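The following note sets out several points on helix packing and the nonpolar core. Please read it alongside the model shown here.

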Amino acid sequence: EVPPADELRAALIRARLAGASELLIAEASKRLEEGYPDLAGGLKLELELLVALREADDIEELPAEGRFMRVHNAADECRNARNLELPAEVLEEVEGISVALAAERTLAIEISAAEDILSGRIEDILSG
């Protein structure tokens with residue numbers, strides 16, 4: 001028996017964000033697709049966005065611009081999906097993380113320019 005859609009959706013999101021095994025996630029996704037096919041596609045998109053938001057501070061994985069694009073691409077996919085309405089708090093988180101990642105990128109550019117100046121490579125800055 002398939003649990004109610006909202007319960008299964010919420011459990012799947014919690015499990016994925018908590019780092020549950022891929023096998024468990026795959027099984028829950030299969031049940032969701034079998035019982036609620038219209039909900040399954042939107043949930044995949046929402047999960048990608050939620051994971052991108054959680055991993056947006058993972059500086060070892062991608063540079064700031066890569067993390068920014070990952071969040072924005074996932075958010076755009078969700079916004080364009082039929083039958084998917086993101087909670088307002090998720091949209092607010094997208095905006096907040098976007099500002100933080102833009103600030104991080106600006107800081108990295110400024111640090112790089114300062115390092116060039118300090119190392120005597122002002123020509124690189126002026127010509128670039």
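1. Gly-35 lies in helix α2 (residues 22–35), helices being DSSP runs of H or I with at least four residues, numbered from the N terminus. This is a predicted model, in which local features need pLDDT of at least 70, side-chain atom pairs count only at pLDDT 80 or more, and totals for chains, interfaces and linings use all residues. Residues are numbered from 1 along each chain as its sequence is written, and side-chain values use heavy atoms, without hydrogens and water.

2. Gly-35 is partly exposed because its relative accessibility is 34%; buried means under 20%, exposed over 50%, and partly exposed in between, with a 1.4 Å probe and protein chains only. The C-alpha atoms of Gly-35 and Leu-8 are 10.0 Å apart, with the two positions 27 residues apart in sequence numbering.

3. Helices α3 (residues 37–54) and α4 (residues 64–80) pack at about 155°, their axes 9 Å apart. The pair is therefore roughly antiparallel (an angle over 145 degrees). Among the residues in contact (heavy atoms within 4.5 Å) are Leu-45 and Leu-49 of α3, and Val-71 and Ala-74 of α4. By class, this contact comprises nine nonpolar, no polar and four charged residues.

4. The largest nonpolar core (buried nonpolar residues joined through side-chain atoms within 4.5 Å) has 25 residues, of which Leu-12, Leu-49, Leu-53 and Val-71 touch the most other members. Helix α3 contributes the most, with seven residues.

5. Leu-12 touches, among others, Ile-25, Leu-32 and Leu-43, leaving aside residues up to four places away in sequence.

How values were computed:
Axes are lines fitted to C-alpha atoms, for helices over the stretch in contact, and angles run from 0 to 180 degrees between N-to-C directions. Helices (H or I, at least four residues) and strands (E, at least two) are DSSP runs, numbered from the N terminus. Angles under 35 degrees count as roughly parallel, over 145 as roughly antiparallel, 65 to 115 as roughly perpendicular and the rest as oblique. Ala, Val, Leu, Ile, Met, Phe, Trp, Tyr, Cys and Pro count as nonpolar, Asp, Glu, Lys and Arg as charged, and the others, Gly among them, as polar.
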